[in-house]
Amino acid sequence: MLAGFFLGCGGGSSTSSSATIPVSPAASVDSSASSNADAVAFVSSTPIPKVSYLHWLSVESALGAGGNPGHAALGFLLTSEWVLGEARTRGISVSEAEVKQQLKKLERQSFPQPGSLRRLLASSGETEADLLARVKVELLRSGIRGAGDGR
């Protein structure tokens, strides 16, 4: 799970976790001025705004996504929207406190050196809100898997 968030980079940070958790990774970028005409794709009737795609494309490129960063960015956004919709349909949710607690846990595990997560975020263009959105999707994905196992 950490590879998806931090792509194996090491060293630490302490982000404040004061950021608001976006509804989805596609919403972590201010795309309020976007219209459906600006969408690069749709999941059900939910648009993936071009501005969100371009943001995640730059993040994937900066983090050194293997293969095609454009495919990685779009795949991430499409999968994330699907997970969010499936979780809604199944009545699976996570609280803001759970998401922030999980992010802190992941930071401690992957970034024990002070300031290294902050440096990664600065070099990648990713934000704390982006990380919170990633964590939220992963927690919901786990909940969906657990519900599928009859738990």
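E138 and R141 form a salt bridge, with their closest N and O atoms 3.1 Å apart. The model is predicted. A search of the whole structure finds four salt bridges. Three of the pairs are covered here, including E138 with R141, R90 with E86 and E96 with K100.

**Helix 6: E138 and R141**
- Both residues sit in helix 6 (residues 128–148), three residues apart, about one turn of the helix.
- E138 is buried, because its relative accessible area of 19% falls under the 20% cut-off.
- R141 counts as partly exposed, at 25% relative accessibility.

**Helix 3: R90 and E86**
- R90 belongs to helix 3 (residues 69–90).
- Its side chain meets that of E86 in a salt bridge, at 2.7 Å from N to O.
- The two side chains also make a polar contact (2.7 Å).
- R90 and E86 are four residues apart in helix 3, so about one helical turn separates them.
- R90 is partly exposed, with a relative accessible area of 41%.

**R90 beyond its sequence neighbours**
- Which residues does R90 contact, leaving aside neighbours within four places in sequence? They are I144, A147 and G148.
- A147 lies 57 residues from R90 along the chain, yet their C-alpha atoms are separated by 8.5 Å.

**Helix 4: E96 and K100**
- E96 pairs with K100 in a salt bridge, the closest N and O atoms being 3.1 Å apart.
- These residues are four apart in helix 4 (residues 96–110), so they are separated by about one helical turn.
- E96 is partly exposed, with a relative accessible area of 42%, whereas K100 is buried at 15%.

Terms used
Residues are numbered from 1 along each chain as its sequence is written. This is a predicted model: local features need pLDDT of at least 70, side-chain atom pairs count only at pLDDT 80 or more; totals for chains, interfaces and linings use all residues. Side-chain values use heavy atoms; hydrogens and water are left out. Helices (H or I, at least four residues) and strands (E, at least two) are DSSP runs, numbered from the N terminus. Buried means under 20% relative accessible area, exposed over 50%, partly exposed in between (1.4 Å probe, protein chains only). Contact means heavy atoms within 4.5 Å. A polar contact is a pair of N or O atoms within 3.5 Å; within protein, one must be able to donate a hydrogen and the other to accept it, and residues adjacent in sequence count only if both atoms are side-chain atoms.
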